[in-house]
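Student: I am new to this structure and would like a close look at a single part of it. Could you take me through one residue and its surroundings, step by step?

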Amino acid sequence: MNYNFTPFPVLETERLSLRALNLDDAKSIFGLRTNKEVNEFIDRKTPNNLSEARAFIDLISNLTANNKGIFWVIESKSNHQLIGTIGLRHFEDEENYAEIGYELDPVYQQKGFMSEAFEVVLNFGFTDLALNTIEAFTHKNNIPSIALLKKQKFVLHPERRDEGFENNRSYRLESA
Ligand SMILES: CC(C)(COP(=O)(O)OP(=O)(O)OC[C@H]1O[C@@H](n2cnc3c(N)ncnc32)[C@H](O)[C@@H]1OP(=O)(O)O)[C@@H](O)C(=O)NCCC(=O)NCCS
């Protein structure tokens, strides 16, 4: 499957706008990616300053421009704040497969926002991209993330491993 993310597919829900990342988001992205609560179960390199946040934005923009991944900023329609991110990546053509990643500012957690974002992103993945499988790797103790995935009917695959992240577990959702 040849994906094409130009023009960028903006997705809308009742309370959210899922749009492309741009350099004006550097401060919010820096805040999100350095937030201790957000990072509790995510093993990743965090930016040390705004210029590293901008480098991350460049990397993501190139990934999307090259159709290797797609990353949405989750913006609240009520206050136009960047409240989180969600993305699909690691496409594997033969299997029509992608991996999903997601994070939300703690102030906005447990209000159904990520469930709302998941619904449009999963629909985009299975319908527009014709994916068969979407997989999430999440830390085995990440209760909020596991609750979200189970609510979306993702199924645990205990035999699968996330290379280099031995505490991560695989949850997969197949197209209907
Ligand atoms: C995981 C995360 C995105 C969930 O987002 P959210 O918007 O709070 O989730 P929702 O409000 O849509 O809730 C989805 C379900 O999970 C449950 N849930 C959410 N947070 C929970 C918590 N702290 N404890 C128990 N259940 C929780 C909700 O109750 C809901 O189920 P319900 O409708 O049956 O009640 C958010 O906690 C987060 O950003 N965590 C930090 C980043 C992270 O770990 N990302 C995952 C990397 S793999």
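Tutor: What follows is a walk around one residue, Leu18, and then around a helix of the same model. Please keep in mind throughout that this is a predicted model. Leu18 belongs to strand β2, which covers residues 16-20. Because 20 or more other C-beta atoms within 10 Å make a residue buried, Leu18, with 25 such neighbours, counts as buried. Leaving aside residues up to four places away in sequence, Leu18 is in contact with Val10, Leu11, Trp72, Ile74, Ile86, Ala117 and Val120. One of these contacts, Leu11, also stands opposite Leu18 in β2. The strands β1 and β2 run antiparallel and are joined by 2 bridges.

Widening the view, we come to an open sheet of 8 strands, ordered β1-β2-β3-β4-β5-β6-β8-β7, in which the pairing is mixed. Its edges are formed by β1 (11-12) and β7 (155-157), each of which pairs on one side only.

As for distance, Leu18 and Lys68 are separated by 50 residues in sequence, and their C-alpha atoms lie 18 Å apart in space.

Turning to the helix, α1 spans residues 26-33, and its residues Ala26, Ile29, Phe30 and Leu32 are buried. Viewed down the axis of α1, the buried residues fall within an arc of 165°, so they line one face of the helix. Among the elements that cover these buried residues are the helices α2 (36-39) and α3 (50-65), together with the strands β4 (82-92) and β5 (97-104).

Notes: Residues numbered from 1 in each chain as written. Predicted model: local features only at pLDDT ≥ 70, side-chain atom pairs only at ≥ 80, totals over all residues. Helix = DSSP H or I, 4+ residues; strand = E, 2+ residues; numbered from the N terminus. Buried ≥ 20, exposed ≤ 12 C-beta atoms within 10 Å, placed from the backbone. Contact = placed C-beta atoms within 7 Å. Arc of directions from axis to C-beta. Pairing = 2+ DSSP bridges.
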